[in-house]
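Here is a set of short questions on one protein model. Each answer reasons briefly and then closes on the item asked for.

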Amino acid sequence: MSADTDSTVRVAGREATAVLRRHRRAVLSLLAWSVPEAAPAMLTGFVVARAIDQGFSAGRPWTGTSWLALLVAAAVLGAWGARNTHRAVAGVVEPFRDDLTRRVVTAGVTRAAGHAGTPAADGAVARLTNQVEGVRDSFAGLILVSRGFVVTVLAALLGTASLAPSLLLLVAPPLLGSIAMFAVALRNGVRWQRDFLDAGEQLADRTAAVTAAARDVAACRAAERAARYADEAIAAQARAERALARLAAVRSLTVAVGGWLPLLAVLAGANWVTGHGLSTGALIGVLTYLAQVVVPTLDMFVQTVGSAGLRFVITLDRLVRRIARPGAVPLAGRRDAACRPVGSRLELRGVTFRYGAAARPVLRDFDLTVSERDHLAVVGPSGAGKSTLAGLLCGTIRPDDGTVLLGGVPVGEVDGATRARHRVLIPQEAYVFPGTVAENLRYLNPEAGERELLDAAGLLGAESLVARLGGLAGEVRPGELSAGQRQLLTLVRAYVAPAPVAVLDEATCHLDPAAEERVEHAFAARGGLVVIAHRISSAMRSRRVLLLDGDEPTLGDHHTLQLTSARYRELTGYWTGASEPAGAPGPVDGVDPAVRADLRRDAGEPVAHRTR
């Protein structure tokens, strides 16, 4: 624990020190402007003492008022100094933010180049938009408050020494002792803050995983297991929150010992010090320094360092460690040449997958091969595991048992960049980003030429959309596009990707049937195609159909499954039932109405008539 904490503090300290050294001029300007900013703190108690002793107590109210007028001038001087200290802080913090942003972007681009077509770069984007700005804000607050604390407290102590040097013995030791106590507590605070952030990330990840798998969880009756899975993260965050709350108690204790205890000590000894020559004005001046300067400044210091300071240290440490070697080859990329896939055939061998140890398997001891020229449609009821199968084939989900092979190599031994060159997964939720049309379409293949992009758009029926957006140079505004338009753009992006096998996970659900047929024909002619189907027409167009329903998946073609699988006939009936003419005696999409009526009767549905 101590080694981890020391390492974290060293990393953040090294970065902060390097920044301050690189911007010495701004630091010197900050220190220089801190002097006029501290004028009110230094003069407050002294002016109050003189106003009382030489003015109000001596029967000269105008003299006392004149002394107090100096506080107005000191406040104006302090405001001028504060204005310029903020400018000086910007001269340190903004270049630091820019440098950190460049490093994060460099690391993110490098990592994305090594994991093309995967979500590997998402973390870099999140760190850029959230953590870098958080570090910048925390650093600025730390500089302002820490510098202000040192300068202001020194000014108050100097003022106290000018009024009553002997009282420094009652003020300085508790103040220094409280700061030392707070510094010791901060060592544990670093660990508590790190545990709190880790617990929060774990809770977010687990909640997202459970939410994304809601249909499969319901289908596998794994709700209790999913709840326990999330509850563990909730409990961990609660423990971390309670631990972090201890630091709040230490902050309050620090202010009590360093600020209020000296104040009580001076009040307790008031009779003694005034009896030994200390004037009433000087005593009140010392009390003013303590109550109006030391206590609020100390309180602001411990609150800022104990919250923003810890976030700065932990977050900066994480960022630096993640981007320390932006050019390094990922571990997965240093595989032996023997682990490189031969071809792009996707295979599942004896694969079992379940959501939780006690849940019913979505797949059990399952075998499947998808060749580079295959055309497979996957059908089944909601929650049967169709999207799970897509994730397993693409290597984004790990099986509990069995092996997933890509080109004859276990997919876990293949780095992300290589996987992306062999297969591309297009999910239902289409992702497009602000930028040009060409930038969106080249996302998975930066080398694609304009002619290639336009030809792909024409094949998939997206040429009119590209033209409406202003051509390849037109701007994409995601919020102004419909769900179907976003899907078309991502489908064109996937089409020009180098991967010969495409997996469409309901990626055409927002297209009309004619557009969907055009897309599937284009991808089938391009190479291997796996379609997670939401229309029966997708199954009818495919070379093979995989029916997922419970523990026994069924593989065949459309016509074979209609003859051999009652469940497939039932699904076919539900898919086409809306378009079936009432009382039509003939087959619809190859399913005899009499068979469909039997299936609906068995399912407990009302059947108007029965045709034999």
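Q: Leaving aside neighbours within four places in sequence, which residues is Leu316 in contact with?
A: This is a predicted model. Neighbours of Leu316 within four places in sequence are set aside here. The contacts of Leu316 are then Ala12, Glu15, Phe96, Leu100, Val135 and Arg311.

Q: Which residues of the largest nonpolar core touch the most other members?
A: This core has 69 residues. Leu316 is one of those with the most contacts to other members. The full list is Phe96, Leu100, Phe139, Val266, Phe312 and Leu316.

Q: Which helix gives the largest share of this core?
A: The largest share is 21 residues. They come from residues 280-323, which is helix H10.

Q: How many residues are in the second, separate core?
A: Its members include Leu472, Ala507, Val545 and Tyr568. The second core is separate, and its size is 47 residues.

Q: Is Ser138 buried or exposed?
A: Ser138 lies in helix H5, residues 122-163. Its relative accessible area is 7%. The cut-off for buried is under 20%. Ser138 therefore counts as buried.

Q: Which residue has its backbone oxygen 2.9 Å from a polar side-chain atom of Ser138?
A: A polar contact needs N or O atoms within 3.5 Å. The backbone oxygen in question lies 2.9 Å from the side-chain polar atom of Ser138, and it belongs to Gly134.

Q: Leaving aside neighbours within four places in sequence, which residues is Ser138 in contact with?
A: Phe312, listed above among the residues touching the most other core members, is one of these contacts. The set for Ser138 is Ala308, Arg311 and Phe312.

Q: What is the strand order in the open sheet of four strands?
A: The pairing in this sheet is antiparallel. Its edge strands are S2 (363-370) and S5 (409-410), each paired on one side only. The order is S2-S1-S4-S5.

Q: What angle does the direction of helix H11 make with that of S1?
A: H11 covers residues 386-394 and packs on this sheet. It touches S1, S2 and strand S4 (401-406). The angle with S1 is about 125°.

Q: Which residue in S4 is the bridge partner of Leu346?
A: Strand S1 (residues 346-353) pairs with S2 over five bridges in the antiparallel sense. Five bridges also join S1 to S4, again antiparallel. In S2, the partner of Leu346 is Val370. In S4, the partner of Leu346 is Leu406.

Q: Which residue in S2 is the bridge partner of Val351?
A: S1 is mostly covered, with seven of its eight residues buried. The bridge from Val351 reaches into S2, where the partner is Phe366.

Q: What is the strand order in the open sheet of six strands?
A: The pairing in this sheet is mixed. Strands S6 (423-426) and S12 (554-556) are its edges, each pairing on one side only. The twist averages 15° from one strand to the next. The order is S6-S9-S10-S3-S11-S12.

Q: Which residue in S12 is the bridge partner of Val545?
A: Strand S11 (residues 544-547) and S12 run antiparallel, joined by three bridges. The S12 partner of Val545 is Gly556.

Q: What angle does the direction of H11 make with that of S9?
A: H11 packs on the six-stranded sheet. It touches strand S3 (375-379), S6, strand S9 (501-505), strand S10 (528-532) and S11. The angle with S9 is about 155°.

Q: How far is Thr560 from Val545 in space, C-alpha to C-alpha?
A: Thr560 lies in helix H19, residues 558-564. At 36% relative accessibility, it counts as partly exposed. Thr560 and Val545 are 15 residues apart in sequence. Their C-alpha distance is 9.4 Å.

Q: How far is Trp80 from Trp33 in space, C-alpha to C-alpha?
A: Trp80 lies in helix H4, residues 61-114. At 46% relative accessibility, it is partly exposed. Trp80 and Trp33 are 47 residues apart in sequence. In space, their C-alpha distance is 8.6 Å.

Q: What share of the residues in the protein chain is buried?
A: The chain has 21 helices and twelve strands. It exposes about 29000 Å², with 58% supplied by carbon and sulfur atoms. Of its 612 residues, the buried share is 47%.

Key: Residues numbered from 1 in each chain as written. Predicted model: local features only at pLDDT ≥ 70, side-chain atom pairs only at ≥ 80, totals over all residues. Heavy atoms only, no water. Pairing = 2+ DSSP bridges. Helix = DSSP H or I, 4+ residues; strand = E, 2+ residues; numbered from the N terminus. Contact = heavy atoms within 4.5 Å. Axes fitted to C-alpha atoms, helices over the stretch in contact; angles between N-to-C directions. Buried < 20%, exposed > 50% of the residue type's maximum accessible area, 1.4 Å probe, protein only. Areas by Shrake-Rupley, 256 points an atom, 1.4 Å probe, with all protein chains shown as cover. Core = buried A, V, L, I, M, F, W, Y, C linked by side-chain atoms within 4.5 Å. Polar contact = N/O pair within 3.5 Å; in protein donor to acceptor, adjacent residues only side chain to side chain.
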